[in-house]
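This report describes selected features of one protein chain, from helix packing to salt bridges and loop residues. The sequence and structure are shown first.

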Amino acid sequence: MMPVMAYSLLVMKFGGTNMQDAGAIRHSASLAARWVHDGVKVVVVVSAMAGVTNGLLRLADAAEKGDIASANDEIAAMRTRHFTAAQELGAAPDSSAVREIRELHETLRQAVYGVYLLRELTPRSRDLIVAFGERLSAPLMSLALEGQGVRAHHLSGGQAGIMTDEHFGNARPLPGSYERINDRLGGLLGAGVTPVVAGFMGETEGGAITTLGRGGTDFSATIIGKALHADEVWAWKDVDGVMSADPRVVRGARNIEVLSYGEVMELAYFGAKVLHPLAVTPLRESGIPLRVKSAADPDFPGTLVQEEPLDEPGHPVKAVTAIRGVSLINVTGAGALGVPEVVASLFDAIARENITLLMVSQSSSMSNVSLAVQGVDARRTLAALRGSVTGELQVEEQPGVAVLAIVGAGMRGQKGVAARLFGALAGSDINILMISQGSSELNISVAIEEAQVEGATRAVHAAFALGERAAAAD
């Protein structure tokens, strides 16, 4: 059961599976309404309906390639899906919610047609198009809350006060956002109205719509949580919380009761899809806890994310996770020997292309530098590096790689953790291609062949007794 606590303000985020149809939206609304009726102020932040974001990306790409018929078919199917959900949630055909959904789809059609005419999909246009998913789901949540007897008002991320830089596709909030959010949402809460905010999105100072990166609705919720000084931010998911491993890979994976901000950031960065990698950063600055909860079992406490890790003597590792679809980019040659400028030029080239590095390894002689990047970034990385190095150096890609990481604050100063990791991998005949450990000692990551990642995950999970440890804590 959830512990009895005196909350005054909660921010609740609902993901795509909890917004996938009228039934799911109604259930999600009931979870928020339960607390509103108990006198707690609640801000609801919503994702797009499950599958809609991918559909928007598909139709945008189709329009750029000149296939406007496919794009229009996708829009028509999307319109039907949202209209059906609105009707099942009690909206009359001439209601303001239905009119708004119709107008949003018409605006989407016009934006897509512009891409088709220009045969150009800029990052700014892509953000405009992909943000329609959340903009369309917010009025549906408002309808559902009204049906639960809760006064609600929905807003886009920009209308809620989330102001960002112009890094389209991966925008970051500007410092002034927090005061704007507090002003705009605080007024609604003070009037007894529950704000429903379209997650994943904000807007620039010039009013252009931006997105915060995939999974960015978590980020929206924590930005709002910090701005309003919430007691907690709750991320409602279709899982019990943050797990010790991917339960689809490891049958004995268990829920983790408590994680620190640092631990959950490492897990998110290294492939755990439960949270956006930057979601906890606003909360970390203000000490606000985050709770990952299951919509299917709302009384289960889930995973609490807070400043301090839970000390578990003898259990230094909390979880094992993995990123698939990785490529290693190897830069080799005698031309790099003892020349620091070479390494500097490599990182400058990576930074100019805004490519995220998952791992970095350098030989002590400086004659070899290996970089792990997402496979989708490999071609850009190769081009950038080949354009920045001399002919004496070779730049080659090794595709089909995965990065596996173990995470836990208890590893700090603990002897034998790396030995147990490498022993588990060796015992399963898994070759290590690359090794990295940060000075924070929150994680050890290794690059391995992607074909071996599931077996490696199971072996490491067993070696650190993660399922047994969780079971003992139950």
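A residue counts as buried under 20% relative accessible area, as exposed over 50%, and as partly exposed in between. The model under discussion is predicted. By that scale Asn354, at 47% relative accessibility, is classed as partly exposed because its value falls between the two limits.

## Loop residues

Asn354 belongs to the loop that joins helix H12 (340-352) to strand E12 (357-362). Its phi is near 55°, a positive value in a residue other than glycine. Ala465 also has a positive phi, of about 50°, although it is not a glycine. Ala465 is found in the loop between helix H15 (453-463) and helix H16 (466-473).

Pro316 sits in the loop between strand E10 (303-306) and strand E11 (319-332). Is Pro316 buried or exposed? With a relative accessible area of 6%, Pro316 is buried, a value that lies under the 20% limit. Leaving aside residues up to four places away in sequence, Pro316 touches Gly408, Ala409, Gly410, Met411, Gln414 and Val417. For one of these partners, Gln414, the separation from Pro316 is 98 residues in sequence, while the C-alpha atoms of the pair are 7.3 Å apart in space.

Gly287 is placed in the loop between H11 and E9. Its relative accessibility of 47% makes Gly287 partly exposed. Gly287 and Glu64 are 223 residues apart in sequence, and their C-alpha atoms lie 44 Å apart in space.

## Helix packing

How are H4 and H6 oriented to each other? The axes of H4 and helix H6 (residues 132-147) come within 10 Å and cross at roughly 175°. The two helices are therefore roughly antiparallel, since angles over 145 degrees are classed in this way. On the H4 side, the contact is made by Ala97, Glu100, Ile101, Leu104, His105, Thr107 and Leu108. On the H6 side, the contributing residues are Phe132, Arg135, Leu136, Pro139, Leu140 and Leu143.

Helix H4 (residues 96-118) also includes Leu118. Leu118 has 64% relative accessibility and so counts as exposed. Together with Tyr113 and Leu117, Leu118 makes a nonpolar surface patch of about 340 Å².

Helix H8 (residues 177-190) packs against H9 at an angle of about 80°, and the axes are 8 Å apart. H8 is thus roughly perpendicular to H9, because the angle falls in the range from 65 to 115 degrees. H8 contributes Tyr178, Ile181, Asn182, Leu185, Gly186 and Leu189 to the contact. From H9, the residues involved are Ile223, Ile224, Lys226, Ala227 and Leu228.

## Salt bridges

How many salt bridges does the structure hold? There are 14 salt bridges. The table lists pairs that are among them.

| Pair | Closest N to O separation |
|---|---|
| Glu74 and Arg58 | 3.1 Å |
| Glu285 and Lys226 | 2.4 Å |
| Arg291 and Glu232 | 3.1 Å |

Glu74 and Arg58 are joined by a salt bridge. This pair links distant parts of the chain: Glu74 lies in helix H3 (residues 68-88) and Arg58 in helix H2 (residues 52-64), 16 residues apart. Glu74 is partly exposed, with a relative accessible area of 22%. Arg58 is likewise partly exposed, with a relative accessible area of 48%.

Lys226, listed above in the contact of H9 with H8, meets Glu285 in a salt bridge. Glu285 is in helix H11 (residues 281-286) and Lys226 in helix H9 (residues 216-228), so this pair ties together parts that are 59 residues apart in sequence. Glu285 is exposed, with a relative accessible area of 58%.

Which elements does the salt bridge of Arg291 and Glu232 tie together? Arg291 is part of strand E9 (residues 290-294) and Glu232 part of strand E7 (residues 232-237), so the bridge ties together parts that are 59 residues apart in sequence. Arg291 is buried, and Glu232 is buried as well. Elsewhere, Lys13, Asp218 and Lys237 are joined into one network by salt bridges that share partners.

Conventions
Residues numbered from 1 in each chain as written. Predicted model: local features only at pLDDT ≥ 70, side-chain atom pairs only at ≥ 80, totals over all residues. Heavy atoms only, no water. Patch = residues over 30% accessible without salt bridge, like charges linked within 9 Å, V, L, I, M, F, W, Y side chains within 5 Å. Areas by Shrake-Rupley, 256 points an atom, 1.4 Å probe, with all protein chains shown as cover. Salt bridge = Lys/Arg side-chain N within 4 Å of Asp/Glu carboxyl O. Helix = DSSP H or I, 4+ residues; strand = E, 2+ residues; numbered from the N terminus. Buried < 20%, exposed > 50% of the residue type's maximum accessible area, 1.4 Å probe, protein only. Axes fitted to C-alpha atoms, helices over the stretch in contact; angles between N-to-C directions. Parallel < 35°, antiparallel > 145°, perpendicular 65-115°, else oblique. Contact = heavy atoms within 4.5 Å.
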